[in-house]
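Visitor: I would like to look closely at a single part of this model, the one where aromatic side chains come together. Which residues take part, and what lies around them?

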Amino acid sequence: MSEDRLSRVFAALADPTRRDLVARLSSADATVGELAAPYDVSLQAVSKHLKVLEDAGLVSRESRRAPVRLEAEVFDLMTKWIERYQQQAEERYQRLDALLAEMQESTPSRQSSRAEDAS
């Protein structure tokens, strides 16, 4: 997935209305009218939101009257991108944990040598 496409996907999902549309489409395909029903906006406004999602590759439809369908492959690609950075972060935390454990192991020996020096 190119960085440009990934940017479009995350930009499309930055809007709460579009995230809600995606959440609703995750359970079933729906027409624009069905998707617009719970919102206090025009069909045209919902269509504009769907166009952004469509341009990002998150949803598709075969014609203007066809139901809108969620494109799950895009989420697989996003998940792989996120998992790569999650793995790197987890490795950093593991290194930090090891360093802290090492520091804790060396701290008691320092304190006991100070006590011996004081006596």
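Guide: Three residues, Phe 10, Trp 81 and Tyr 85, form one aromatic cluster. The model is a predicted one, in which local features need pLDDT of at least 70 and side-chain atom pairs count only at pLDDT 80 or more, while totals for chains, interfaces and linings use all residues. Residues are numbered from 1 along each chain as its sequence is written, and side-chain values use heavy atoms, with hydrogens and water left out.

The structure holds two aromatic pairs. Rings of Phe, Tyr and Trp (its six-membered ring) pair if their centres lie within 6.5 Å; planes under 30 degrees apart are stacked, those over 60 edge-to-face, and the rest tilted. Phe 10 and Trp 81 form one such pair, with 5.3 Å from centre to centre and 55° between the planes, and the pair is tilted. This pair links distant parts of the chain, for Phe 10 is in helix H1 and Trp 81 in helix H5, 71 residues apart. Helices (H or I, at least four residues) and strands (E, at least two) are DSSP runs, numbered from the N terminus.

Are these two rings buried, exposed or partly exposed? Buried means under 20% relative accessible area, exposed over 50%, and partly exposed in between, with a 1.4 Å probe and protein chains only. Phe 10 counts as partly exposed because its relative accessible area is 30%. Trp 81 is partly exposed too, at 27%.

Met 78 also lies in helix H5. The C-alpha atoms of Met 78 and Phe 10 are separated by 8.9 Å, although their positions lie 68 residues apart along the chain. Met 78 has a relative accessibility of 7%, so this residue is buried. Leaving aside neighbours within four places in sequence, Met 78 is in contact (heavy atoms within 4.5 Å) with Leu 6, Val 9, Phe 10, Leu 13 and Leu 58.

Val 74 is another residue of helix H5, and this one is buried because its relative accessible area is 2%. Val 74 and Leu 6 are 68 residues apart in sequence, yet 9.1 Å apart in space, C-alpha to C-alpha.

From here the view can widen to the nonpolar core. A nonpolar core is a set of buried Ala, Val, Leu, Ile, Met, Phe, Trp, Tyr and Cys residues joined through side-chain atoms within 4.5 Å. The largest one has 21 residues, and those with the most contacts inside it are Leu 35, Val 46, Leu 50, Leu 53 and Leu 58. At least two residues of this core come from each of H1 (3-13), H2 (16-25), H3, H4 and H5 (72-118). H1 gives the most, with four residues.

Leu 53 shows how such a residue is surrounded. Apart from neighbours within four places in sequence, Leu 53 is in contact with Ala 12, Arg 18, Leu 21, Val 22, Leu 58 and Val 59. Of these partners, Val 22 is found in helix H2 and is buried because its relative accessible area is 9%. Val 22 itself, with neighbours within four places again left aside, is in contact with Leu 13, Leu 53, Leu 70 and Phe 75. The C-alpha atoms of Val 22 and Leu 70 are separated by 7.0 Å, with the two residues 48 apart along the chain.

His 49 has its place in helix H4. Its relative accessible area is 19%, so His 49 is buried. Not counting residues up to four places away in sequence, His 49 touches Asp 15, Thr 17, Arg 18 and Leu 21.

The whole chain gives the setting for these details. Its secondary structure comes to five helices and two strands, and from the N terminus on the elements run α-α-α-α-β-β-α. Buried residues make up 23% of the 119 residues. Among contacts in the chain with a separation of 6 or more, residues 24 or more positions apart account for 51%. The ring pair of Phe 10 and Trp 81, with its 71 residues of separation, is a case of distant parts of the chain being linked.
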